[in-house]
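Let us walk through this model together, one helix at a time, with a stop at a cavity along the way. Please keep the viewer open as you read.

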Amino acid sequence: MIRNYLKIAWRNILKRKGFSLINVGGLALGIASCLLLMVYVSYHLNFDKQFDDISNIYIVENNQSGDGKVYTFSSTPRLAASTIKSEVPGVIDAIRVIDYTADGLLSYNDKSFRKNGLFADEGFFNIFQYRFIKGDKKTALRLPSSVVITEKLAKTLFGNDNPINKIIKRNDQLPLTVTGVIEDLPANSTFQFEFVMPWEIFEDTNPWAKQAGWGSNFAQTVVKLKDPAALAKANSILKGMVGRHNEGNLNQFFLHPFSKLHLYSKFENGKPAGGMIEQIQLFITLAICILLVACVNFMNLSTARSEERVKEVGIRKAIGSGRMALICQFIVESLILSLLSTAVAVVIVVLSLPYFNILLGTQLVLPLTSIWAWLDIMAVGLCSGLIAGSYPAFYLSSFQPIKVLKGIFKGGKAALPLRKVLVVVQFSFAVFLITATICIYRQIKYVQERPIGFNQNNLVEIPMEGNLQDQSRVLIDELKSIGAITNATTLSASITSSGNNTWGVSWPGKPDNQQILFDILHGGDDFTKTAGVKLLAGREFSASNPADTAHQTVMINESAAKIMHLKNPVGTIINWGDARITVIGVYKDFVWGSPYERTRPMFTQYYTPGSIIALRLNSSRSITANIEAINKELKKVNPAYPPDIRFVDSDFEKKFQNEKLLGTLANLFGCLAIVISCLGLFGLAAYGAEQRVKEIGVRKVLGATVFNLTALLSKDFLKLVIIAIIIAAPLSVYSLNQWLQKFEYRITLSWWMLVFAGGLTVIIAIVTVSYQAIKAALANPVKSLRSE
């Protein structure tokens, strides 16, 4: 019986090659889109899932109240880990971790490489079960001069030699002994590093860290519990831990599952409030919708062609075939088409995945060697076939044989209302995606055009490393003398990224109960001139001024001056902790953190050498000549380090990466949804023209023009598209307004976006339908009427 179903199904597919090709093409695009999105979703859902006991691992989050809000961050004091181990029952281990990527030059013999690394306590590899290829995880970080490296780094440094006990140098000075080699980390892992060093090295190279108390948050603390059931009790103890050890400190700790760190990294008022999971949910919805659009095409074309199979159904029923047998026959046809589409979809995904990875900046793979992956792919294909073929199967099998054989039943027209609804649903979805794409790109452009407060053009940054700690002034003076730069300064952090902040600022007239979070950026000579920040009042820092070098002065931004209600800020004495400092200058606000948020109050103190050298390139010379000159001088002053020059405008552009990705995907899959919808519309138009070929012939004989006939055949489809636009408009307005609410700086959704999306959809629909309409209108009426 099954063999007979397959044979008949295959013959029917071959009999209607054009119909089958459109169905296979539409379903293949839908399934391919779904698979691509599901590979992306799976990549993010499986973050950090390489650890078997990930459910027992937590990161300590820190709640800090102020400005009427609760700020949540994962930086904690150095004392947190040891205190948690001693005071919280059920804790297996607690460790400190610092990602210190800016300080990672490793060298062996004459090879030097800048790599990402971590500082961690000895228990790091007891909590995170990385697979050791060489060495013992229990003792790998026990020695203060040890280092654990990845397999890739071992190959880079030592080739095929055994890396264990080899001596490498960090920053061309500190000798480290390789005590372990671990497997390379998967791309979907929170911690991305190529080597791990003991915590003691961080404290030895940063003496301030040894003295840091409960008020200094700079390390991540990771905790492993014996049983997740102990979480509630642990959190109750952690809540008041900071206050018990540092009277007056109102910060509160809580444990956040490490497995949720990637997807649920957003917090509001101290509680998880989403994050990456929102984008994942959006993409899951997008995948399902595109697949449903493709399935709707199948339903439409199958029910439209039902008139051709009316007699087949009538005869089968007349000679004794049951309805279930007919349903099975039609479902088998759908499944064969769906499996063919799935095979084509897999080829599309394999070919497009490299480009998709470039687009997303990820390392996605379709695991074709995994039987589970193939089972998932087959499940998508079979589900698509069942969904797409279910309604046509039940509909076609419902025909009454008496009416069919008497010729009084017209199958195609009976399903017309549902086909219209399905076409409306398809195009409503397409209109929404087009509108979303326009909105996302407009939002990104709006923020990009927002005044950022500093001049990012011709501004470069160099990390302060090696000899530059002592020789930064020599480098700056030499570059000025040869005309490569016009100004330079040192910074505590890049001007494109946020850094330290504090609550401990007070000023004359500040209410006792008011807490304001201030950003802190340390800078050197010519800070405003180099960055292109406008100085509104007062003066810059100067190395020749003893008050500046003694850290007794400060510059503030205009937001800080407004919050302090200072009419004449210059000369005002403010307090930062126990220190009394004098305001010597006020500069215009500039974007330091997220460009989507309002600028926070900021103050800047004189500080050298800093961690960044910012250089203002000479605009009268070519950028190439300036960069070559900087490279040449860096090799002289700091020969052990490969030059690392970063363009500020490029780094600033990365702030828009997430929204650009969202816009690109909405654009890409919006286009695919339209293509799939148009394939269905093309098939329906072709079938509609075929059904009315005699009517067209008669009308043409009676004098109808090509334009009249084209309008006649197109108007019914255009009505459906217009209805789709009317339905999509309010849905788009509501959904996109909800999305825009998460930005402090945002556009207002404008009417022209909906008009443009609707107009574009109408034009595409007209082009799709008109081809078939014009083809039918141009046909010779003699051919269609010669048998009459």
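In helix H8 (residues 231–239), the buried residues are Ala 234, Ile 237 and Leu 238. Here buried means under 20% relative accessible area, exposed means over 50%, and partly exposed lies in between, with a 1.4 Å probe and protein chains only. Helices (H or I, at least four residues) and strands (E, at least two) are DSSP runs, numbered from the N terminus. The three buried residues sit on the same side of H8 because they cover an arc of only 100° around the axis, the arc being that of the directions from the helix axis to the C-beta atoms. Turn to the face of H8 that points away from this buried side, and you meet the exposed residues Ala 232 and Lys 233. The buried residues of H8 pack against helix H3 (80–87), helix H9 (241–245) and strand S13 (252–257), where contact means heavy atoms within 4.5 Å.

Before going further, a word on the model itself. This is a predicted model, in which local features need pLDDT of at least 70 and side-chain atom pairs count only at pLDDT 80 or more, while totals for chains, interfaces and linings use all residues. Residues are numbered from 1 along each chain as its sequence is written, and side-chain values use heavy atoms, with hydrogens and water left out.

Now step back to the whole chain. Its secondary structure comes to 27 helices and 27 strands, and buried residues make up 50% of its 788 residues. Of the contacts with a separation of 6 or more, 79% are between residues 24 or more positions apart.

Helix H21 (residues 623–637) is our next stop. Its 15 residues, at 1.5 Å a residue, should span 21 Å, and the end C-alpha atoms are indeed 21 Å apart, which agrees; the expected span is 1.5 Å times one less than the number of residues. Which residues of H21 are buried? They are Asn 626, Ile 627, Ala 629, Ile 630, Glu 633, Leu 634 and Val 637. These residues lie on the same side of H21, because their arc around the axis is only 160°. On the other side of H21, Thr 624, Glu 628, Lys 632, Lys 635 and Lys 636 are exposed. The cover over the buried residues of H21 includes strand S16 (459–463), helix H17 (468–481) and strand S26 (612–617).

Leu 634 also takes us to a cavity, as one of the residues that line the second largest cavity. A cavity is a set of points on a 1 Å grid over the protein atoms alone where a 1.4 Å probe fits but cannot get out, and lining residues have an atom within 4 Å of a point. This cavity has a volume of about 50 Å³, and the structure holds 3 cavities of 30 Å³ or more. Grid points are joined across faces, edges and corners, and a volume is the space filled by probe spheres set on the points. Other lining residues include Arg 114, Ile 462, Pro 463 and Tyr 641.

Finally, look at Val 344 in helix H12 (residues 323–360). Val 344 counts as partly exposed because its relative accessibility is 37%. Val 344 and Leu 29 are 315 residues apart in sequence, yet 8.5 Å apart in space, C-alpha to C-alpha. Not counting residues up to four places away in sequence, Val 344 touches Val 24 and Ala 28.

Conventions
On a 1 Å grid over the protein atoms alone, a cavity is a set of points where a 1.4 Å probe fits but cannot get out, and a pocket is an open set with protein on both sides within 12 Å along at least five of seven lines; lining residues have an atom within 4 Å of a point.
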